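Work through the exercises below with the structure in view. Each task is followed by a solution in steps.

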Amino acid sequence: MRIIVDEARCEGYGFCAEAAPHLLELDDEGELTVLTEQVGQDERADAEAAVRVCPVAALKLAP
């Protein structure tokens with residue numbers, strides 16, 4: 001599983017990075033970076049939480 005960011009939609013709120021700081025990082029410019037290409041089973045709940053808290057639905061999980 002991996003996290004996909006719709007960069008055109010992301011507005012840099014950072015809620016996702018707060019929910020999963022080991023998977024996502026927001027830089028000083030408000031650009032989101034995915035830190036882990038493949039999300040492991042042990043990280044799945046955090047990845048799902050990150051997707052869920054995004055107010056503009058800019059994140060999704062893909063197999």
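Two residues are in contact when heavy atoms lie within 4.5 Å. The model used throughout is predicted.

**Exercise 1. The loop before α2**

Task: State where Thr36 lies, and find which residues Thr36 touches when those up to four places away in sequence are not counted.

Solution.
- Step 1. Thr36 belongs to the loop that runs between β3 and α2.
- Step 2. With residues up to four places away in sequence left aside, Thr36 touches His22, Leu23 and Glu43.
- Step 3. The relative accessibility of Thr36 is 19%, and buried means under 20%, so Thr36 counts as buried.
- Step 4. Thr36 and Arg2 are 34 residues apart in sequence, yet their C-alpha atoms are 7.9 Å apart in space.

**Exercise 2. A contact partner of Thr36**

Task: Is Leu23 buried or exposed, and which residues does Leu23 touch beyond four places in sequence?

Solution.
- Step 1. Leu23 sits in the loop between α1 (15-19) and β2 (24-26).
- Step 2. Its relative accessibility is 0%, so Leu23 counts as buried.
- Step 3. Not counting residues up to four places away in sequence, the contacts of Leu23 are Ile3, Thr33, Val34, Leu35, Thr36, Glu43, Asp46 and Ala47.
- Step 4. Glu43, one of these contacts, is 20 residues from Leu23 along the chain, with the two C-alpha atoms separated by 8.3 Å.

**Exercise 3. A buried charge**

Task: Find which side chain of opposite charge is nearest to Glu43, and how far away that side chain is.

Solution.
- Step 1. Glu43 is found in the loop between β3 (32-34) and α2 (44-53).
- Step 2. Glu43 is buried but has no salt bridge.
- Step 3. The nearest side chain of opposite charge is that of Arg44, 11 Å away.
- Step 4. A salt bridge needs a side-chain nitrogen of Lys or Arg within 4 Å of a carboxyl oxygen of Asp or Glu.
- Step 5. Residues up to four places away aside, Glu43 touches His22, Leu23, Thr36 and Gln38. Thr36 in turn touches His22 and Leu23, among them.

**Exercise 4. The salt bridge**

Task: How many salt bridges does the structure hold, and which residue forms a salt bridge with Arg44?

Solution.
- Step 1. The structure holds one salt bridge.
- Step 2. Arg44 is paired with Glu48, and the closest N and O atoms are 2.9 Å apart.
- Step 3. Both residues lie in helix α2, four residues apart, which is about one turn of the helix.
- Step 4. Glu48 is partly exposed at 31% relative accessibility, and Arg44 is partly exposed as well, with a relative accessible area of 34%.
- Step 5. For the protein as a whole, the mean positions of the 5 positive and 14 negative charges are 13 Å apart.

**Exercise 5. From α2 into β4**

Task: Describe Ala57 and Leu59 by place, accessibility and geometry.

Solution.
- Step 1. Ala57 lies in the loop between α2 and β4 (59-62).
- Step 2. Phi of Ala57 is near 55 degrees, a positive value in a residue other than glycine.
- Step 3. The relative accessible area of Ala57 is 48%, so this residue is partly exposed.
- Step 4. Leu59 is in strand β4 and is buried, at 7% relative accessibility.
- Step 5. Beyond four places in sequence, Leu59 touches Ile3, Ile4, Val5, Cys16, Leu24, Leu32, Ala50, Val51 and Cys54.
- Step 6. Between Leu59 and Ala45, 14 residues apart along the chain, the C-alpha separation is 14 Å.

**Exercise 6. The whole chain**

Task: What pattern does the protein follow along the sequence, and why can it be called as compact as a globular protein of its length?

Solution.
- Step 1. There are two helices and four strands, and their order along the sequence is β-α-β-β-α-β.
- Step 2. The radius of gyration is 10 Å, close to the 11 Å that the globule rule gives for 63 residues, so the protein is as compact as a globular protein of that length.
- Step 3. The C-alpha trace spans about 30 × 20 × 15 Å along its principal axes.
- Step 4. Of the contacts with a separation of 6 or more, 58% come from residues 24 or more positions apart.
- Step 5. Buried residues make up 32% of the 63 residues.
- Step 6. The accessible surface comes to about 4100 Å², and 45% of this belongs to carbon and sulfur atoms.

Key: Residues are numbered from 1 along each chain as its sequence is written. This is a predicted model: local features need pLDDT of at least 70, side-chain atom pairs count only at pLDDT 80 or more; totals for chains, interfaces and linings use all residues. Side-chain values use heavy atoms; hydrogens and water are left out. The radius of gyration is taken over C-alpha atoms; the globule rule is 2.2 Å times the number of residues to the power 0.38. Buried means under 20% relative accessible area, exposed over 50%, partly exposed in between (1.4 Å probe, protein chains only). Accessible areas come from the Shrake-Rupley method with a 1.4 Å probe; for residues, only the protein chains shown count as cover. Lys and Arg count as positive and Asp and Glu as negative; His and the chain ends are not counted. The place of a charge is taken as NZ of Lys, CZ of Arg, CG of Asp or CD of Glu.
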